[in-house]
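Please find below my notes on the structure, set out as numbered points. They are best read with the sequence and the model side by side.

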Amino acid sequence: RSAGNKRQYLKARLRHQVVKNYADQCAHIDNSGQRCNCRNFLEIHHLKAISQGGKDEIANLTLLCSGHHKVTHFT
């Protein structure tokens, strides 16, 4: 995925499939079972980081709004 220090981006087809799988909406579900209704500032998140052996494949990708994406990385 990385070429030296330069980050490689996900292929458009894979990005499109992730967005489609989550109906263009943040996939975060809170403790009460409510799904975030945000449809803006969506980012693809690796469930298992590439640095930890995760892969760029549908099973390892989810869609999060920027707020939940940041929270995920700091918890």
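1. Disulfides. The structure, which is a predicted model, holds zero disulfides. A disulfide is a covalent bond between the sulfur atoms of two cysteines. Cys 26 has its closest cysteine sulfur in Cys 65, and the separation of 3.8 Å is too far for a bond, because a disulfide requires the two sulfur atoms to lie within 2.5 Å. Cys 38 likewise takes part in no disulfide, since the nearest cysteine sulfur, again that of Cys 65, is 4.5 Å away.

2. Surroundings of the cysteines. Is Cys 26 buried or exposed? Cys 26 counts as buried, because its relative accessibility is 0%. Cys 38, by contrast, has a relative accessible area of 22% and is therefore partly exposed.

3. Overall architecture. The secondary structure of the protein chain consists of two helices and four strands. Read from the N terminus, these elements follow the order β-β-α-β-β-α. The C-alpha trace spans about 40 × 30 × 20 Å along its principal axes. Among contacts between residues at least 6 apart in sequence, 47% join residues at least 24 apart.

4. Surface and charge. Of the 75 residues in the protein chain, 23% count as buried. The chain exposes about 5700 Å², and carbon and sulfur atoms supply 50% of this area. There are 12 positive and 5 negative side chains, and the centres of these two sets lie 7 Å apart.

5. The nonpolar core. Which residues form the largest nonpolar core? This core has five residues, namely Leu 10, Leu 14, Val 18, Leu 61 and Leu 63. The elements giving two or more residues to the core are helix 1 (12-21) and strand 4 (61-65).

6. Leu 64. This residue is found in strand 4. Leu 64 counts as buried because its relative accessibility is 6%, which is under the 20% limit. Apart from neighbours within four places in sequence, Leu 64 is in contact with several residues, including Cys 26, Ala 27, His 28, Phe 41 and Leu 42. Another of its contacts is His 45; although Leu 64 and His 45 are 19 residues apart along the chain, their C-alpha atoms are separated by 6.7 Å.

7. Asn 60. Where does Asn 60 lie? Asn 60 lies in the loop between strand 3 (42-46) and strand 4. With a relative accessible area of 8%, Asn 60 is buried. Leaving aside neighbours within four places in sequence, Asn 60 is in contact with His 45, His 46, Leu 47, Lys 48, Gly 54 and Lys 55. His 45 is thus a contact of Asn 60 and also of Leu 64.

8. Positive phi angles. Two residues in the loop between helix 1 and strand 3 deserve the student's attention: Ala 23 and Asp 24. Ala 23 has a positive phi of about 55°, although Ala 23 is not a glycine. The phi of Asp 24 is near 55°, again a positive value in a residue other than glycine. Ala 23 is partly exposed, with a relative accessible area of 46%, and Asp 24 also counts as partly exposed, at 38% relative accessibility.

Key. Residues are numbered from 1 along each chain as its sequence is written. This is a predicted model: local features need pLDDT of at least 70, side-chain atom pairs count only at pLDDT 80 or more; totals for chains, interfaces and linings use all residues. Side-chain values use heavy atoms; hydrogens and water are left out. A nonpolar core is a set of buried Ala, Val, Leu, Ile, Met, Phe, Trp, Tyr and Cys residues joined through side-chain atoms within 4.5 Å. Buried means under 20% relative accessible area, exposed over 50%, partly exposed in between (1.4 Å probe, protein chains only). Contact means heavy atoms within 4.5 Å. Accessible areas come from the Shrake-Rupley method with a 1.4 Å probe; for residues, only the protein chains shown count as cover. Lys and Arg count as positive and Asp and Glu as negative; His and the chain ends are not counted. The place of a charge is taken as NZ of Lys, CZ of Arg, CG of Asp or CD of Glu.
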